[in-house]
Amino acid sequence: MYVAQILGVAGAYYLAGRLGLMRQVVIDGAVVTPLWPPTGIALAALLCLGVRVWPGIALGTLVTVSEIGDAFTVSRLAIMFGNTIAPLAAYALLRRVGFRNELVRLRDGVCLVFLGAFAGMLISATVGSFTLLLDDKVPPGRFWLVWASWWAGDAMGVLVVTPVLLVLRGARWPRRSDRWLEASVLAVVVIMVSLIATRSSLSMIYVVFPVIIWSALRFQLPGSAPCALVVSVLAILAGTDALGPFAGHSLMQIMANLSLLNGCVALTALLLGAIVAEHQNIRRETEYAVEELEALVEQLAPLSGPDTGRYEDRPRRHGPLDGGPHPDAP
């Protein structure tokens, strides 16, 4: 079972890497992507299966980097090391602060953004960029550009892919009472709006946000996370092809715009979905507490009911104050 998990993680990492490399961008001698899905796969695997599956991440990284060049050079091994340590560091930070995989609290969404994505992926970007710099594949003047692009791609992989995988892990079989019609309409709308926003020359990229908000308010993270993934993928396809609002811009401008767009979409979907889920949980807990209180009151009602007899009807002892004979009188 353990070996199967290792091979499964490695295979998923490799397939996600192949998909990411289909839209690769070459900056001097560095290969970067606007969205690197393997980082999301790696962190989700650690959160769901535990730290013991880290060899699968290392194996998947080793096989993936072999698609770019020789996997057994020192530089490739260093990149493999950085891409393996980064999700492990992100996992350790999240577990340290009590992160929950269900993502039903706002603090979980905030921790995934700032610790899992932004902080954890600093390691892979730094190790990879310095490795290419020492290998003379990146000139010193372009180091920070490569570093920022690398970090943004890895962070977007966590923000976009990890929530979807966590949602799929906790998914249940749909019931008849679920909002099938609304969910179907949402799926069609998000695809149509994303295509228009990312391919229209009118620069209407901002129209995707009402759809993201709709999905988060009505379906929480199970709805907003897949919508954010669809928007990000379609935006990357349009951006790397220089279509719509990305036409006429330089490669660096396109990379910056894609990073900002994907980041804003992922943050909106993740944080808003977590806020709505947290509020709904608070409401359910309050309703449950009220029901328990009502049941307790009903149980105590017979014990604290009104007295059956009146005070005037009870027999009284005669004493001096009652006008009767004194108890000691003959």
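In this predicted model, the largest nonpolar core takes in 38 residues, and Leu43, Phe99 and Leu112 are the ones with the most contacts inside it. Plenty of helices chip in: H1 (2-21), H2 (37-49), H4, H5 (106-119), H7 (143-169), H9 (208-240) and H10 (251-300) each supply at least two residues of this core. The top contributor is H7, which gives eight residues. Apart from this core lies another one, made of 18 residues, with Ala235, Ala238, Leu261 and Ala269 among them.

Leu112 is worth a look of its own. Setting aside neighbours within four places in sequence, Leu112 is in contact with Leu43 and Phe99, the two residues named alongside Leu112 as having the most contacts inside the largest core. The rest of its contact list runs through Leu94, Leu103, Ala117, Val158, Leu159, Thr162, Pro163 and Leu270.

Zooming out, the chain has 10 helices and two strands. Read along the sequence, these elements come in the order α-β-β-α-α-α-α-α-α-α-α-α. Of the 330 residues in the chain, 42% count as buried. Contacts also reach across the sequence: taking those between residues at least 6 apart, 73% join residues at least 24 apart. As for the outside, the accessible surface of the chain comes to about 17,900 Å², and carbon and sulfur atoms account for 66% of that.

Now for one of the helix pairs. H3 (residues 54-65) packs against H4 (residues 74-96) at an angle of about 145 degrees, and the two axes are 9 Å apart. The crossing of H3 past H4 is right-handed. On the H3 side, the contact is made by Trp54, Ile57, Ala58, Thr61, Leu62 and Val65, while H4 brings Leu77, Ile79, Met80, Asn83, Thr84, Pro87 and Leu88. Sorted by class, this contact has 10 nonpolar residues and three polar ones, with no charged residues.

Ile79 of H4 turns up again in the surroundings of Thr131, a residue found in helix H6 (residues 121-134). Not counting residues up to four places away in sequence, Thr131 touches Ser75 and Ala78 as well as Ile79. Thr131 counts as buried because its relative accessibility is 12%, against a cut-off of under 20%. Ile79 thus appears twice here, once in the contact between H3 and H4 and once among the residues touched by Thr131.

Methods. Residues numbered from 1 in each chain as written. Predicted model: local features only at pLDDT ≥ 70, side-chain atom pairs only at ≥ 80, totals over all residues. Heavy atoms only, no water. Helix = DSSP H or I, 4+ residues; strand = E, 2+ residues; numbered from the N terminus. Buried < 20%, exposed > 50% of the residue type's maximum accessible area, 1.4 Å probe, protein only. Contact = heavy atoms within 4.5 Å. Axes fitted to C-alpha atoms, helices over the stretch in contact; angles between N-to-C directions. Left-handed = near helix turned anticlockwise from the far one by under 90°. Nonpolar A, V, L, I, M, F, W, Y, C, P; charged D, E, K, R; others polar. Core = buried A, V, L, I, M, F, W, Y, C linked by side-chain atoms within 4.5 Å. Areas by Shrake-Rupley, 256 points an atom, 1.4 Å probe, with all protein chains shown as cover.
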